[in-house]
Amino acid sequence: MRRRAVLAAAGRTGGDTWSLASLMRYRRYHPGIFRNDSDEMILAKYTRVLEESVAHRSDGDNAGRGDEVVVSCSLIGEIAEKAVRMHAVKPNSMYVQDAVDSMCAYYLGCDGDGRRGMFDSLAAASVREKKERRDAGALDKAMASYHDAIGILSSSSVVLEEESEGEDTNTGVCTLGDVRVLQALEDVSVACVPLYEELFDIFSKFRGLEFLITLRADLNNIIANISRAEEKKQHVFGIMNENLKRNISKWFVDGKLLQLERLTWEHASAAVLERLVVHEKVHRMRSWMSLKQRFVGNNKRVYVWNHPALPGVPLLAVYISLEKSIPTELPQIFRKASSPSRKSPNVAVFYSINNMEDGLKGIDLGHSLITEAMRRLQEELPNQLDTFCTLSPIPLFSSWVYQNIEELADGIDDETWNGMIHSLDDGSSRAEVLSEMLQSLQARHDEDLYDRMKDSMLRWCAQYLTNTSSMDPVTRFHVENGASIYQIHYGADLSANGRERSFGLMVTYMYQGAESVPNSYRRDGVIPMHENVKQLIT
């Protein structure tokens with residue numbers, strides 16, 4: 001009777017379907033009902049119950065939703081354990097694929113708390129499995145096998161040397177010792193790999209790149225909002241994140257699988273154009289006309305990068321303006337198209353580069369992105385373009401200034417200070433007065449005050465951009481991909497957004513062309529910069 005009740009709950013025979021919570025409680029107090037079942041049957045039952053949970057939620061049945069989420073996440077941990085174990089033996093099992101499909105369907109239907117619960121469950125299941133492996137001595141056995149294999153390999157090498165003195169023994173043949181060492185290393189690796197890493201591999205196999213990107217975007221958000229009280233959980237999630245990052249990186253092969261496409265206003269689909277607007281992070285677009293402005297004119301280019309696993313879903317986008325000189329302010333990029341002139345543009349300006357998926361954050365695709373765009377431009381306009389540069393925002397500069405306000409205020413000499421402000425308010429320190437001045441500039445542009453602060457602001461910005469201990473993320477992106485800091489532009493973006501994030505300053509990074517390689521920064525950690533930037537910090 002008990003078995004029939006459980007099978008009814010799993011949807012295999014007739015009868016009313018049990019609630020998920022009821023089944024889990026029943027299984028906890030009557031574990032014998034599964035004793036004679038195969039792994040396939042147990043996994044199938046768990047999978048069916050999870051499918052019922054998804055179906056109830058789709059029907060709008062929210063009764064006991066909180067308990068349902070908790071129990072469902074607990075069930076997912078058990079499904080993950082059994083799916084991983086079965087996949088190791090039967091990698092193409094339909095039971096594993098059904099389980100993966102159910103887990104993914106459940107996850108995608110969850111809100112933020114439900115998705116967080118699934119990661120919690122996977123972390124707990126990994127800890128539980130790690131303990132089981134330790135109790136079973138799996139790692140100790142694997143390490144013992146490895147040391148034995150090393151001993152066999154060493155003995156074999158000695159015998160071979162004695163038997164073939166004076167002969168060339170480098171035959172390329174794999175000996176028994178080699179095989180045992182490789183097998184032992186594999187056993188050690190398996191004993192050390194956490195459950196969630198194996199599950200992510202299975203997700204990658206059965207669900208592909210899109211689901212991995214969704215998982216990592218959610219995990220990035222969870223980590224960013226986790227409380228200090230959960231420091232241990234943050235560490236575990238951080239390791240999970242790195243595992244997901246490595247798994248996603250395998251889909252790109254150093255960017256070689258990305259396909260570059262030039263978009264035009266006339267031929268781009270409405271869905272793609274909408275995606276460009278939604279995911280623009282550098283210079284927000286207020287309307288469709290703002291987007292159209294980036295396409296119209298012979299000097300505008302928009303390139304996107306697609307992946308064959310996600311057709312019609314651009315992952316990266318870069319906006320380029322072809323100019324006759326290096327621009328020093330943002331309005332030069334967005335001005336209305338002028339009448340044609342005899343001089344052809346020779347400067348390609350990258351003014352907005354966007355990763356349109358939060359799940360791809362931190363994955364090194366920059367070098368492929370920049371070099372492929374430059375190569376495409378050189379093919380389209382041979383012998384015309386001789387300068388490749390950016391006009392880039394400095395999004396964290398104002399935050400850095402306020403964090404270091406006391407040190408920056410004390411570093412201003414009296415003559416400069418008197419030129420900036422005529423008197424100190426009673427009881428106010430320099431740092432307090434400077435902070436008020438800067439907040440005033442961010443709220444409303446004061447041309448006179450802004451001019452008086454120019455020398456100090458340029459010097460602070462140069463210090464910030466060349467600080468390797470807490471490096472600006474945009475600077476890091478460009479110098480790691482072969483650029484140098486060319487020039488800091490004062491008053492380049494005096495919009496409300498530009499004043500808020502960087503007091504109106506922008507910077508140009510200079511590239512050497514499509515054939516350039518990452519420069520010395522990767523080798524010796526020194527940020528390459530032009531002479532006029534060096535003068536600001538000496």
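Glu432 has its place in helix 19, and in this predicted model Glu432 belongs to a patch of negative charge on the surface, together with Glu406, Glu407, Asp410 and Glu436. The structure also holds 15 salt bridges, some of which are described below along with helix 10, two residues of positive phi and two buried residues.

**Negative surface patch**

- Glu432 counts as partly exposed because its relative accessibility is 42%, a value between the 20% and 50% limits that separate buried from exposed residues.
- Helix 17, which covers residues 405-410, and helix 19, which covers residues 430-443, each supply at least two residues of the negative patch, and the largest share, 3 residues, comes from helix 17.

**Salt bridges**

- Glu230 and Arg116 form a salt bridge in which the closest N and O atoms are 2.7 Å apart; the pair links distant parts of the chain, since Glu230 lies in the loop between helix 10 and helix 11 (231-249), whereas Arg116 lies in helix 6 (residues 112-136), 114 residues apart.
- The two partners differ in their exposure class, with Glu230 partly exposed at 27% relative accessibility and Arg116 buried at a relative accessible area of 18%.
- The side chains of Glu280 and Arg294 meet in a salt bridge with an N to O distance of 3.1 Å; Glu280 lies in the loop between helix 12 (270-278) and helix 13 (288-292), and Arg294 lies in the loop between helix 13 and strand 2 (300-306), so this pair ties together parts that are 14 residues apart in sequence.
- Both Glu280 and Arg294 are buried.
- Glu372 forms a salt bridge with Arg375, with 2.7 Å between the closest N and O atoms, and because these residues are 3 residues apart in helix 15, they are separated by about one helical turn.
- Glu372 is partly exposed at 33% relative accessibility, and Arg375 is likewise partly exposed, with a relative accessible area of 27%.
- Salt bridges that share partners join Arg116, Asp120, Glu230 and Lys233 into one network.

**Helix 10**

- Helix 10 has 18 residues (residues 208-225), which at 1.5 Å a residue should span 26 Å, and its end C-alpha atoms are 27 Å apart, in agreement with that expectation.
- The buried residues of helix 10 include Leu209, Phe211, Leu212, Ile213 and Leu215, and among them are also the charged residues Arg216 and Asp218.

**Positive phi values**

- Most residues other than glycine have a negative phi.
- Asn383 has a positive phi near 60° and is placed in the loop between helix 15 (366-380) and strand 5 (387-390), where Asn383 counts as exposed because its relative accessibility is 85%.
- Phe503 has a positive phi near 55° and is found in the loop between helix 23 (496-502) and strand 7, but Phe503 is buried, with a relative accessible area of 3%.

**Buried residues and their contacts across the sequence**

- Val507 has its place in strand 7 (residues 506-511) and is buried, with a relative accessible area of 0%; Val507 and Cys461 are 46 residues apart in sequence, while their C-alpha atoms are 9.4 Å apart in space.
- Tyr106 lies in helix 5 (residues 94-108) and is buried, with a relative accessible area of 1%; Tyr106 and Val54 are 52 residues apart in sequence, while their C-alpha atoms are 5.7 Å apart in space.

Notes
Residues numbered from 1 in each chain as written. Predicted model: local features only at pLDDT ≥ 70, side-chain atom pairs only at ≥ 80, totals over all residues. Heavy atoms only, no water. Helix = DSSP H or I, 4+ residues; strand = E, 2+ residues; numbered from the N terminus. Expected span 1.5 Å × (residues − 1). Buried < 20%, exposed > 50% of the residue type's maximum accessible area, 1.4 Å probe, protein only. Patch = residues over 30% accessible without salt bridge, like charges linked within 9 Å, V, L, I, M, F, W, Y side chains within 5 Å. Areas by Shrake-Rupley, 256 points an atom, 1.4 Å probe, with all protein chains shown as cover. Salt bridge = Lys/Arg side-chain N within 4 Å of Asp/Glu carboxyl O. Charge placed at Lys NZ, Arg CZ, Asp CG, Glu CD.
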